[in-house]
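Me: I am new to this structure and should be grateful for a close look at one part of it, namely its empty spaces. Please describe what lines them, and begin with any enclosed space.

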Amino acid sequence: MTTDGLYSYAEGKDEGRGELQRCFAKVGAEHGFTEVEARWEPYKEFKATWRRCASSAELRITDYMMASGAELLTDLARGIFGRMGRGGQREIYSERLRQHFLSPEFILRNQPLYLRRSRNLAYCPRGRTHDLVSLGQDLRDLGLVNGVPHSYVSWTKGENRQRVGYCSVIMRVVAISRILDRREVPSFVPSYVLYHELLHLENGLRFGAYHDREFRERERMHPHHEEAERLLRKISVSPQFR
Ligand SMILES: [Zn+2]
């Protein structure tokens, strides 16, 4: 981590504040809110939170959108106020916002920031025993995944045995638990977990069930699907892996 990044974050903090506030106040007014306060928040995950009380609303918006501009902030405000309202609109992101999240500018600006905020990453795909780069290449060679540009894959620092894989779709970051980087764990196990997470990346941002039937069908296409599932269950309970 560099202090540079933190400093420029602090510097930029007030810069876009007026714009954020203007966009949210305007859309809030359209939804009957007379008092709206919107602030940037350095959440690790991409998210927004809000509190409402009668006709006032207080919002904290992920600072990953700090460089997104008024048009997209207005779209986000529409999505959020739409969800806050009665009935709760399901979809927060407009098509334009989705395109923005998929753009190289968005990922190149925000992925480094996200990585700095991810305290549990080893920042390295090459483990002591297994290499996630070559496992990923094997999955592509088998035609199981296509590969997503700007994706970042790493082992975690800690040995979590319940959560063996993690994926931030919007930041295109995949992390595999260090517990699978052991000699007694065959390479098809981390391969299978990596495959699962890469499928999420490929599916991209979508609303609803992440593990729907189509996902489960593709998951079963991994050549070691059953064995890997069996070993993962064993790893999650075996004292050997404590
Ligand atoms: Zn999953």
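Reply: The model shown here is predicted. A search of the whole structure finds 1 cavity of 30 Å³ or more. The volume of this largest cavity is about 50 Å³. Its lining consists of Leu 199, Asn 203, Arg 206, Asp 212, Glu 214, Phe 215 and Arg 218. Two elements, H7 and helix H8 (213–219), each give two or more residues to that lining. The largest share comes from H8, with 3 residues. By class, the lining of the largest cavity divides into 4 charged, 2 nonpolar and 1 polar.

From the cavity, the account passes to the open pockets. The second largest pocket has a volume of about 430 Å³. Elements that give two or more residues to its lining are E5, helix H7 (188–203) and helix H9 (225–237). Helix H7, already met at the cavity, gives the most to the lining of the second largest pocket, with 5 residues. In total, 20 residues line the second largest pocket, and those nearest its centre are Val 164, Gly 165, His 196, Glu 197 and His 211. The lining of this pocket has 8 nonpolar, 6 polar and 6 charged residues.

The largest pocket has a volume of about 550 Å³. Strand E2 (48–53), helix H3 (70–84) and strand E5 (165–168) are the elements that give two or more residues to its lining. Strand E5 thus appears at the largest pocket and also at the second largest pocket. H3 gives the most to the lining of the largest pocket, with 3 residues. The whole lining of the largest pocket comprises 24 residues, and Phe 46, Tyr 93, Ile 170, Leu 205 and Tyr 210 lie nearest its centre. These lining residues divide into 14 nonpolar, 7 charged and 3 polar. Both domain 1 (14–102) and domain 2 (117–241) take part, each supplying at least three residues to the lining of the largest pocket.

A short note on the cysteines completes this account. A disulfide is a covalent bond between the sulfur atoms of two cysteines. The structure holds 0 disulfides. Cys 124 is in no disulfide, and the nearest cysteine sulfur, that of Cys 167, is 19 Å away. The cut-off for a disulfide is a pair of cysteine sulfur atoms within 2.5 Å. Cys 124 is partly exposed, with a relative accessible area of 28%, whereas Cys 23 is buried, with a relative accessible area of 7%.

Terms used:
Residues numbered from 1 in each chain as written. Predicted model: local features only at pLDDT ≥ 70, side-chain atom pairs only at ≥ 80, totals over all residues. Heavy atoms only, no water. Buried < 20%, exposed > 50% of the residue type's maximum accessible area, 1.4 Å probe, protein only. 1 Å grid on protein atoms, 1.4 Å probe; cavity = no way out; pocket = protein on both sides within 12 Å on 5 of 7 lines; lining within 4 Å. Points joined across faces, edges and corners; volume = space filled by probe spheres on them. Helix = DSSP H or I, 4+ residues; strand = E, 2+ residues; numbered from the N terminus. Nonpolar A, V, L, I, M, F, W, Y, C, P; charged D, E, K, R; others polar. Domains from an automatic or database assignment.
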